[in-house]
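Please read these notes with the coordinates open. They go from the overall layout to single residues.

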Amino acid sequence: MPSPFGGLTSIGVDETSYRKGHTCITVVVDHERHRAIWAHDGYGRDVFGLFFQTLTPEQRASIRVVAGDGARWIDSCVHAWCPNAERAPDGFHIVSWTSGAPDNPRKQQKPLFCAIP
């Protein structure tokens, strides 16, 4: 059976909580093959670094895009382990970040004029 890490070019990473928000798990997906390829309890730089430690230098060099949310630990891992990769926001987070954007200016906007009594 071929390695799930062979031929990686575009991956995504995110963490999620389970057990009513008390436990986190980090999941890495292969965007080209549309499947999860790695998961580990916890989240953060150290946990994501464990994923990169399982890869060979050639496998790390083949990764060109790493998608995820805006977490700085993702940025630091990509910089340390995959210097050839571009960092990109994933579609889910783009939509969630922008879905409330049209409401924010209306809520924060001050009246343009005041009625004088």
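The points below cover the fold, the sheet, the helix packing, the core and two individual residues.

1. Status and overall content. The model is predicted, not an experimental structure. The protein has five helices and five strands. In sequence order these elements give β-β-β-α-α-β-α-β-α-α.

2. Global numbers. Of the 117 residues in the protein, 29% are buried. The accessible surface amounts to about 8,000 Å², and carbon and sulfur atoms account for 58% of that area. Among contacts with a sequence separation of 6 or more, 39% are between residues 24 or more positions apart.

3. Sheet order. The five strands form an open sheet in the order β3-β2-β1-β4-β5, and the pairing is mixed. Strands β3 (35-41) and β5 (86-89) each have a single partner strand, so one side of each is left without a neighbour in the sheet. From one strand to the next, the twist averages 25 degrees.

4. The antiparallel pair. In general, strands of a sheet pair through backbone hydrogen bonds, either parallel or antiparallel. Here β1 and β2 run antiparallel and are joined by eight bridges. One register check is Ile 11, whose bridge partner in β2 is Asp 30.

5. The parallel pairs. Strands β1 and β4 run parallel, with three bridges between them. For the register, Ser 10 stands opposite Val 65 in β4, and Gly 12 stands opposite Ala 67 in β4. The chain then crosses from β4 through α3 to β5, a β-α-β crossover that is right-handed. Strand β4 (residues 65-68) is also parallel to β5, and four bridges join the two. Within this pairing, Val 66 stands opposite Arg 87 in β5.

6. Helix α1 on the sheet. Which strands does helix α1 lie across? Helix α1 (residues 45-54) lies across β1 (10-18), β2 (23-30), β3 and β4, and it runs at about 125 degrees to β3. The buried residues of α1 are Val 47, Phe 48, Gly 49, Phe 51 and Phe 52. As general background, an α-helix has 3.6 residues a turn, so residues three or four places apart point the same way. The buried residues of α1 pack against β1, β2, β3 and β4, and also against α2 (57-62) and α3.

7. The nonpolar core. In soluble globular proteins, nonpolar side chains tend to be buried together. The largest nonpolar core in this model has 21 residues, of which Phe 48, Phe 51, Phe 52, Ile 63 and Val 66 touch the most other members. The elements giving two or more residues to this core are β1, β3, α1 and α3 (72-81). Leaving out residues up to four places away in sequence, Phe 51 touches Phe 5, Leu 8, Ile 11, Val 28, Ile 37 and Trp 38.

8. Ile 37. This residue is in strand β3. Is Ile 37 buried or exposed? Ile 37 has a relative accessible area of 11%; the cut-off for buried is under 20%, so Ile 37 counts as buried. Beyond its neighbours within four places in sequence, Ile 37 is in contact with Pro 4, Phe 5, Leu 8, Val 28, Val 29, Asp 30 and Phe 51. Of these contacts, Phe 5 is 32 residues from Ile 37 in sequence, while the C-alpha to C-alpha distance is 7.3 Å.

9. Pro 83. This residue is in the loop between α3 and β5. Its relative accessibility is 65%; exposed means over 50%, so Pro 83 counts as exposed. Pro 83 and Ile 63 are 20 residues apart along the chain, and their C-alpha atoms are separated by 9.3 Å.

Methods:
Residues are numbered from 1 along each chain as its sequence is written. This is a predicted model: local features need pLDDT of at least 70, side-chain atom pairs count only at pLDDT 80 or more; totals for chains, interfaces and linings use all residues. Side-chain values use heavy atoms; hydrogens and water are left out. Two strands pair if DSSP finds at least two bridges between them. Axes are lines fitted to C-alpha atoms, for helices over the stretch in contact, and angles run from 0 to 180 degrees between N-to-C directions. Contact means heavy atoms within 4.5 Å. A nonpolar core is a set of buried Ala, Val, Leu, Ile, Met, Phe, Trp, Tyr and Cys residues joined through side-chain atoms within 4.5 Å. Buried means under 20% relative accessible area, exposed over 50%, partly exposed in between (1.4 Å probe, protein chains only). Accessible areas come from the Shrake-Rupley method with a 1.4 Å probe; for residues, only the protein chains shown count as cover. A crossover is right-handed if, with the strands pointing away from the viewer, the path from the first strand over the helix to the second runs clockwise.
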